[in-house]
Amino acid sequence: MIGIHYHSENFNCAHFVSQWYSEKLNIEIPIIDEFELSFVRWMRKHFVKIDKPEKNCLVHMQSASGAHVGIYFDYGVYHNYKAGNSKGAVVHWALGVINRNYNKVTYWKWSK
């Protein structure tokens with residue numbers, strides 16, 4: 001999935017997370033607008049917050065510009081990232097880079 005271009009309506013960070021969970025873990029995550037309150041409520045019903053990242057956990061990132069989501073795997077975070085006017089793409093960032101770019105980072109493990 002690395003290199004797949006970002007598209008706000010067809011392949012944003014929520015779409016990426018949904019595709020990852022479907023293909024790699026056989027878990028269906030409904031695509032709800034990226035960070036509408038309904039997505040956060042759904043996430044809290046199906047995931048439990050954990051203190052440290054674990055393989056395939058959801059990574060919720062918050063910055064002044066809004067919320068973002070990715071997957072912890074290979075000692076970093078895969079996420080569909082779009083900066084400024086770039087096309088954006090699925091990238092893999094080390095946790096240090098994630099923590100420098102986001103004010104609040106939390107980890108969530110599938111609970112069902």
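Good morning. I begin with a group of rings: Phe-16, Trp-20, Phe-73 and Tyr-78 are linked into a cluster by ring pairs. Please keep in mind throughout that the structure shown above is a predicted model.

By the rule applied here, the count of aromatic pairs comes to 9. One of them joins Trp-20 to Phe-73 in an edge-to-face arrangement, with 5.3 Å from centre to centre and 70° between the planes. What does this pair tie together? Trp-20 belongs to helix H1 and Phe-73 to strand E3, so the pair connects parts that are 53 residues apart in sequence. Is Trp-20 buried or exposed? Its relative accessibility is 4%, and a residue counts as buried under 20%, so Trp-20 is buried. Over the face of the Trp-20 ring lies Lys-24, at 4.8 Å from the ring centre.

Let us stay with helix H1 and the segment that precedes it. Asn-12 is found in the segment before helix H1, which spans 13-25. This residue is buried, with a relative accessible area of 4%. Which side chain does the side chain of Asn-12 meet in a polar contact? The partner is the side chain of His-15, at 2.9 Å.

Ser-18 has its place in helix H1. It counts as buried, at 9% relative accessibility. The side chain of Ser-18 reaches the backbone oxygen of Ile-29 at 2.8 Å. If we leave aside neighbours within four places in sequence, Ser-18 is in contact with Ile-27, Ile-29 and Ile-31.

I turn now to the strands. Strand E6, residues 104-110, is joined to strand E1, residues 47-50, by 4 bridges, and the two run antiparallel. Within this pairing, Phe-47 has Trp-110 as its bridge partner in E6. Strand E6 also pairs with strand E2, residues 58-63, in the antiparallel sense, here over 5 bridges. There, the bridge partner of His-60 is Thr-106.

Strand E2 has a further antiparallel pairing, over 6 bridges, with strand E3, residues 66-73. Val-59 stands opposite Gly-70 in E3. How many residues does the hairpin use to join E2 to E3? The connection runs through 2 residues. Strand E3 then pairs with strand E4, residues 76-81, in the antiparallel sense over 3 bridges. In this pairing, Phe-73, which we met in the ring cluster, stands opposite Gly-76 in E4. The hairpin of E3 and E4 also has 2 residues between the strands, and Asp-74 takes a positive phi near 55° there.

A general remark helps in reading such strands: in a regular strand, side chains alternate between the two faces of the sheet.

His-60 offers a useful reference point in strand E2. At 14% relative accessibility, His-60 counts as buried. Val-40 lies in helix H2, residues 37-46, and is likewise buried, at 17% relative accessibility. Val-40 and His-60 are 20 residues apart in sequence, and their C-alpha atoms are 9.9 Å apart in space. Between His-60 and Trp-20, which are 40 residues apart along the chain, the C-alpha separation is 15 Å.

Finally, I come to the interior. In soluble globular proteins, nonpolar side chains tend to be buried together. Which residues have the most contacts inside the largest nonpolar core? That core has 18 residues, and those with the most contacts inside it are Phe-16, Val-17, Tyr-21, Ile-29, Phe-47 and Leu-58. The elements that contribute two or more residues to this core are H1, H2 and E3. The largest share, 5 residues, comes from H1.

Leu-58 shows how many parts of the chain can meet at one residue. Not counting residues up to four places away in sequence, Leu-58 touches Val-17, Tyr-21, Met-43, Phe-47, Val-69, Gly-70, Ile-71, Thr-106, Tyr-107 and Trp-108. There is also a second, separate core of 11 residues, and its members include Ile-50, Cys-57, Val-59 and Met-61.

To close, I would ask you to find three items in the model above: the edge-to-face pair of Trp-20 and Phe-73, the two antiparallel partners of E6, which are E1 and E2, and the 18-residue core to which H1 gives the largest share. Thank you for your attention.

Technical notes. Residues numbered from 1 in each chain as written. Predicted model: local features only at pLDDT ≥ 70, side-chain atom pairs only at ≥ 80, totals over all residues. Heavy atoms only, no water. Pairing = 2+ DSSP bridges. Buried < 20%, exposed > 50% of the residue type's maximum accessible area, 1.4 Å probe, protein only. Polar contact = N/O pair within 3.5 Å; in protein donor to acceptor, adjacent residues only side chain to side chain. Contact = heavy atoms within 4.5 Å. Core = buried A, V, L, I, M, F, W, Y, C linked by side-chain atoms within 4.5 Å. Phe/Tyr/Trp six-rings, centres within 6.5 Å; stacked < 30°, edge-to-face > 60°. Lys NZ or Arg CZ within 6 Å of the ring centre and 35° of its normal.
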